[in-house]
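Welcome, and please take a moment to look over the structure below. We will walk through it step by step, from aromatic rings to charged pairs and then to a sheet.

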Amino acid sequence: MGGCFSKPKPVEVKVELSLLEKEKEVDGLSPNGKASPFADCRPNGALGHGSDDDSTPLPLYNKPRDYVEASVCHVKDLENGQMREVDLGSGRALLIKEHGEFSAMAHKCPHYGAPLVKGVLSKGHVRCPWHGACFNIATGDLEDFPGLDSLPTFQVRVEKDKVIIRANKQALQSQKRSKPMARCSAVINSSTGFSHVLIIGSGPAGLVCAETLRQEGFTDRIVMCTKDRHPPYDRPKLSKSLESTAEQLRLRSMEFLQDHDIELLVDKEAVAIDVKTRSVTFEDGLRMEYKKLFIATGSKPKPMVYNGKEVRNVFHLRTPEDANSIARLASNKNAVIVGTSYVGMEVAAALTDKAHSVSIIGIESVPFKKALGEKVGKAIMKLFEVNRVKFYMLNEVSEMIGQHGQLKEVVLKSGKVLRADVCVIGAGSVPATGFLKQSGIHMDSRGFITVNKMMQTSADGVFAGGDVVVFPFPPRHNKKVNIPHWQMAHVHGRVAALSMMGRPADLKTVPYFWSAMFGKTIRYAGYGDGFDDVIIQGDLDELRFVAFYTRGEEVVAVASMNYDPIVSRVAEVLGSGKTIRKRDVEMLARLGKTGDISWLIDKGSQ
């Protein structure tokens, strides 16, 4: 995965924490970008170098007026390991000093626009403070996910103790670039029922698989099929921004896909796979053969048993149209959310300023108890109650009652009756693998596809990734786990693409997850399944905290609110193979000691 994470022998390190000022996250819509014309710009900033004679020559087709050049600071203004956001007049850049050399690149993460100066600099890359994406400081290349685009880099030189940046104006404005991609060299009729690579699913796993193939020089046909009606879009935002359209949420446009010879077939649902003939049959009767197949169909809502399933205005949030309908129907009406999943809770939060009332039904005593622990769950529950959300916990739905076919009441098994004009079911999910039952592809008892570390299934030439798989997870001694995170699906797509091309890559990443509610964001890194203790630093009542999740004597995950960039810092530590010990975190919690843990990133016994 480029080198964002290496995996040396685990070493033991001590922890000190810093309670940092709250950073306001402008959770803007994920941008959709074209490749920057300045993708070949190289940083150049070793101290003692950088005269006019040895500066990097510019391509002939770039005119001087397309560039801006500015002296941004004195050479001694930055210490090693420091970053600074600087103004070039036509835009801003991130100036970095590491190992005595300067480099410069775009200052915003292209995923959601986070200020990278607030991120974590370590061993030649910068990690985003919001969602953990990594960028190489020399090339700007995206090394770890989420997101699709890399960063433009800018020339740096030192003259008379002044640090000077020369940057392309368009790159300064765009703040992103796409990696170069190969084109399909085969002459293929679009009606031909064969694709060298066939991808089922257009979520992050499928999209990253397709783009990685092209980035790595794959020149044969790629077809991506989806049962969605839209080009790939940012699904996690559906529950946070209910009124957004598919156009606003899109990750890549049809034009982008066409420009890079990635064929997208929408409204195409796979219903059967024959691994012997290497073919996939779709609901509309289309049959397509493949050389390599990637299955990334994601998840589907967990079935729920109740009476009154014919009643209208009951939704599973799956599409932008669902989200738009929920927002419209809930306006000044009574909304009921079934389930305390992240999706359910985010929808509830999004509806509080639209609906007359919002009620949540949950089977546990506290939301997120299994994932985040009871203490954190109670703090989040209190946040919702302050925002006039009513909880009905330790309860389930018995019946949906309609009037003229439209929902009017939700009856609970306790006997309680709730007024309801719209209901959203967010009670968990199961893998969307029902169409594979007769395929011969091995699945576990829960319906997850089992894959090896290269994302290969039991069938020759068939790969899978994202929510539908269980895969060997190195930090848990290669135990096969399911991690249904948006970020992890990106990683699976890249690993699968490289494996298809005979370039197997290790799955080197730290799972990273986020959830936004009432303008506050929970960030989470690691794999905390089966944690046996939670150590809290900060103030839960103020929702300004960091929670360490431990198994035995080892920290396995961390979650935070208003403590940026602590989660990204800990992700760096865990990703480098170092161990954070429970006893060290406990000691700091007892002392109420705060400090700076940045030293952890590059420190460790040999």
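Three aromatic residues, Y342, F368 and F513, come together in one cluster. Please keep in mind that what you see is a predicted model. Across the structure, the count of aromatic pairs comes to 9.

One of these pairs is worth finding on the screen. The ring centres of Y112 and W514 are 6.3 Å apart and the ring planes stand at 80°, so this pair is edge-to-face. The two residues come from distant parts of the chain, 402 residues apart: Y112 is in the loop between β5 (101-105) and β6 (120-122), while W514 belongs to strand β32 (residues 512-517). Are these two rings buried or exposed? Y112 has a relative accessibility of 5%, which counts as buried, and W514 is buried too, with a relative accessible area of 6%.

Y112 has another neighbour to look for. K237 lies over the face of the Y112 ring, 3.8 Å from its centre. An arrangement of this kind also involves R252, which lies over the face of F256 at 4.0 Å from the ring centre.

From charges over rings we can turn to charges that meet each other. How many salt bridges does a search of the whole structure find? The search gives 27. Among them is the one between D141 and R177, whose closest N and O atoms are 2.5 Å apart. D141 sits in the loop between β8 (134-136) and β9 (142-144), and R177 in the loop between α1 (169-174) and β12 (194-200), so this salt bridge ties together parts that are 36 residues apart in sequence. The two partners can be told apart by their surroundings: D141 is partly exposed at 25% relative accessibility, whereas R177 is buried, with a relative accessible area of 3%.

Another salt bridge brings together the side chains of E247 and R250, at 3.2 Å from N to O. Here E247 is exposed, with a relative accessible area of 53%, and R250 is partly exposed, with 22%.

Next, look for K413 and E396, a salt bridge in which the closest N and O atoms are 3.8 Å apart. Which parts of the chain does this pair tie together? K413 is in the loop between β24 (406-412) and β25 (417-419), and E396 is in the loop between β22 (389-392) and β23 (397-403), so the parts it connects are 17 residues apart in sequence. K413 counts as exposed at 55% relative accessibility, while E396 is partly exposed, with a relative accessible area of 42%. Salt bridges can also share partners, and in this way E69, R157, E159 and R166 are joined into one network.

The loops around K413 and E396 lead us to our last stop. There, 3 strands form an open sheet in the order β23-β24-β25, with antiparallel pairing. β23 and β25 stand at the edges and each has a single partner strand, so one side of each is left without a neighbour in the sheet. From one strand to the next, the twist averages 30°. If you follow the antiparallel strands β23 and β24, you will find 6 bridges joining them. One position to check is Q403, whose bridge partner in β24 is Q406.

Definitions and conventions: Residues are numbered from 1 along each chain as its sequence is written. This is a predicted model: local features need pLDDT of at least 70, side-chain atom pairs count only at pLDDT 80 or more; totals for chains, interfaces and linings use all residues. Side-chain values use heavy atoms; hydrogens and water are left out. A salt bridge is a side-chain nitrogen of Lys or Arg within 4 Å of a carboxyl oxygen of Asp or Glu. Helices (H or I, at least four residues) and strands (E, at least two) are DSSP runs, numbered from the N terminus. Buried means under 20% relative accessible area, exposed over 50%, partly exposed in between (1.4 Å probe, protein chains only). Rings of Phe, Tyr and Trp (its six-membered ring) pair if their centres lie within 6.5 Å; planes under 30 degrees apart count as stacked, over 60 as edge-to-face and the rest as tilted. A charge sits over a ring if NZ of Lys or CZ of Arg is within 6 Å of the ring centre and within 35 degrees of the ring normal. Two strands pair if DSSP finds at least two bridges between them. Axes are lines fitted to C-alpha atoms, for helices over the stretch in contact, and angles run from 0 to 180 degrees between N-to-C directions.
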